Number of protein chains: 2
Amino acid sequence: MDKLLEFRELAFGSRMKRLSETLMRDVKQVYKSLYLDFDPTLFPVFKTISDEKSISTGEISEYLQITQPAVTQFINSLMKRELVIITPDINDKRKKNISLSEKGSALVLKLDPIWKIMEEELTAFIKRPDTSLMNHIRLTEQNQRDKPLYQRIMQRIRNSIEIIDYDSEYAKDFLELNLEWLETYFYVEPHDTEVLENPQSYILDNKGYIFFARFNNEIVGTVALINEDECYELSKMAVSPKYRGMKIGQQLMDKCIEFSKQQGWEKIMLYSNRSLTPAINLYRKVGFYEVPVENEALYERADIKMILEL
Amino acid sequence: MDKLLEFRELAFGSRMKRLSETLMRDVKQVYKSLYLDFDPTLFPVFKTISDEKSISTGEISEYLQITQPAVTQFINSLMKRELVIITPDINDKRKKNISLSEKGSALVLKLDPIWKIMEEELTAFIKRPDTSLMNHIRLTEQNQRDKPLYQRIMQRIRNSIEIIDYDSEYAKDFLELNLEWLETYFYVEPHDTEVLENPQSYILDNKGYIFFARFNNEIVGTVALINEDECYELSKMAVSPKYRGMKIGQQLMDKCIEFSKQQGWEKIMLYSNRSLTPAINLYRKVGFYEVPVENEALYERADIKMILEL
DNA sequence: TATATTTGCATAAGTACTTATATAATTTAT
DNA sequence: ATAAATTATATAAGTACTTATGCAAATATA
């Protein structure tokens with residue numbers, strides 16, 4: 001029973017690791033059976049030294065795309081087996097040039113035919129009628145270089161957030177998301193509860209708009225555009241703390257700007273608080289600039305006013 | 001510059017490991033970006049517990065084909081994150097049943113959509129027009145189960161040993177291999193040198209035969225069939241100590257038996273020494289049985305005589 | 001020409017496993 | 001019923017790397 005099979009692509013990393021370890025173990029066993037004091041993990045470094053005659057630690061690291069400490073450790077291991085010799089560079093005293101010892105050269109001669117056989121066998125082992133597993137890995141590495149998996153996943157996660165219009169069934173989410181935000185950063189003022197519990201009368205009936213961010217059938221963020229004398233006010237923006245990192249605030253903001261432009265408005269404004277640095281940064285990033293705040297602001301927490309010209 | 005590419009199939013294990021580590025790192029980064037206290041290495045164990053509701057350490061180990069200490073360590077890690085709870089089994093006090101804690105169940109709910117997206121993205125990432133890398137790995141794992149790589153390589157190494165007839169250009173090898181063997185196990189008697197230096201007159205001209213084992217254009221072993229009054233004597237068998245583990249002695253022996261049968265001989269015999277246990281074992285294995293040794297044996301070291309009926 | 005920065009390598013500690021071994025509970029054999 | 005073997009898990013140490021950091025030599029900058 002191998003449950004790892006069931007997990008399919010998600011266990012891909014584990015599966016690959018396991019397969020590579022299995023094959024490494026088998027190759028190790030081959031060396032052991034032939035009474036050769038060698039190890040498959042040493043192969044890349046050893047073979048590189050053999051091919052290049054004389055090469056420095058840093059160069060090996062660059063060649064093999066493994067870290068420099070790893071190379072140092074491999075060289076120590078090769079030194080312990082007396083397979084390589086180290087000669088300090090004449091021009092650069094920091095540098096160490098590694099080359100094969102006599103024992104190392106003798107071992108290469110012995111290993112060469114074995115390597116040849118192993119390569120043939122491995123080629124057959126990983127071959128499929130259509131292509132080789134090695135080729136497949138190479139193409140996958142290319143994918144990674146073109147656009148790392150991390151970026152692909154994050155983009156897809158962000159793309160799967162939908163921005164949707166107000167619906168009364170989300171009234172509860174509107175209230176809860178905002179209350180949670182207020183309780184975390186400030187405290188709930190009487191006027192807050194009044195507005196948040198009655199979005200229909202306070203916002204929508206007054207030609208305002210409310211949007212929601214939905215992820216996986218869950219409401220994870222909200223924002224409102226409220227009709228004020230001067231212009232529309234971007235307000236009531238709240239994102240579920242459970243879904244940080246998904247750039248939900250950014251997407252809600254993008255939606256508001258796009259919507260406002262469609263409506264033909266000249267500008268929108270917002271009130272915020274200077275202590276909310278990440279939020280202020282986002283506002284500035286999309287083009288909001290600071291203007292003096294009036295004296296008779298509706299909420300105590302509002303100590304900054306910003307305007308975006310569309 | 002990536003020299004690992006040049007090594008092709010030989011660096012296959014390293015390449016796979018590197019790719020799986022790269023992908024693991026990317027997935028780790030995704031969790032981090034989403035502020036999720038989770039790690040891709042925990043996935044197989046965590047998901048198994050989630051799927052099975054309640055499961056013991058040993059069962060997880062069997063399911064995932066990872067060692068039991070690894071499972072114990074993963075569970076410790078999950079316990080530290082308070083994602084699982086451990087309940088001792090009622091019937092078997094050694095057993096520990098692992099199940100998700102409330103926090104763990106909540107995390108599964110949060111992770112499920114992320115996993116879904118990751119799986120889709122990974123599927124696309126490793127897909128080729130012809131097949132998926134995952135499928136390719138699966139088929140390679142099947143190869144390993146059918147016949148492990150170790151056996152394939154060893155068999156090929158053994159198959160690449162050729163048994164060839166005597167040629168005067170190998171006279172030196174015949175001498176050296178035998179001298180080396182004698183010096184290691186006994187000492188060189190005067191008659192030895194005389195025979196080994198003149199195989200033509202002492203063996204071949206007297207209707208004897210000499211065979212060599214060749215590997216990678218190097219003579220790695222030898223054996224002779226010497227015409228004696230009673231019957232042919234298998235003698236002068238020597239294998240290069242550098243090539244132990246390749247079953248060269250076995251192959252030389254097989255050749256001699258096959259050849260003797262072809263010649264229509266009724267039996268062959270050999271002299272040896274009781275201290276050479278591996279050799280004696282080989283002789284017995286192929287069917288030689290012990291007979292009393294004559295008093296006037298040619299060599300001091302001969303304290304056992306064996307016969308094989310063909 | 002002194003100082004700051006960079007480079008080449010070493011060392012230390014961490015990670016995700018492994019193998020080897022220990023311990024207690026259970027099952028099997030006598 | 002007791003001893004011996006087996007099973008379930010834990011612990012310790014090793015491996016093949018990694019990241020983080022340190023140090024000395026070389027190079028760039030003021």
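Two residues are in contact if their C-beta atoms, placed from the backbone, lie within 7 Å. This is a predicted model, in which local features need pLDDT of at least 70, side-chain atom pairs count only at pLDDT 80 or more, and totals for chains, interfaces and linings use all residues. Residues are numbered from 1 along each chain as its sequence is written, while chains are lettered from A and ligands numbered from 1 in the order in which they are written.

Begin by selecting chains A and B. Of the interface residues of chain B, 100% are also interface residues in chain A, so the copies meet through the same surface. When the copies are superposed by least squares on the C-alpha atoms of residues with pLDDT of at least 70 in both, chain B can be laid on chain A with an RMSD of 0.1 Å by a turn of 180° and a shift of 0.0 Å along the axis. That is the relation of a two-fold axis. Select B:Lys17 next, because among the residues of chain B its C-alpha comes closest to the rotation axis, at 2.8 Å.

Now select DNA strand C, which 20 residues surround (a residue is near a strand if its C-beta atom, placed from the backbone, lies within 6 Å of it). The closest are A:Gly58, A:Pro69, A:Thr72, B:Thr41 and B:Ala70. Helix H3 (57–64) and helix H4 (68–80) of chain A, together with helix H4 (68–80) of chain B, each supply at least two residues of this surface, where helices are DSSP runs of H or I with at least four residues, numbered from the N terminus.

Finally, select DNA strand D, which 21 residues surround, the closest being A:Thr41, A:Ala70, B:Gly58, B:Pro69 and B:Thr72.
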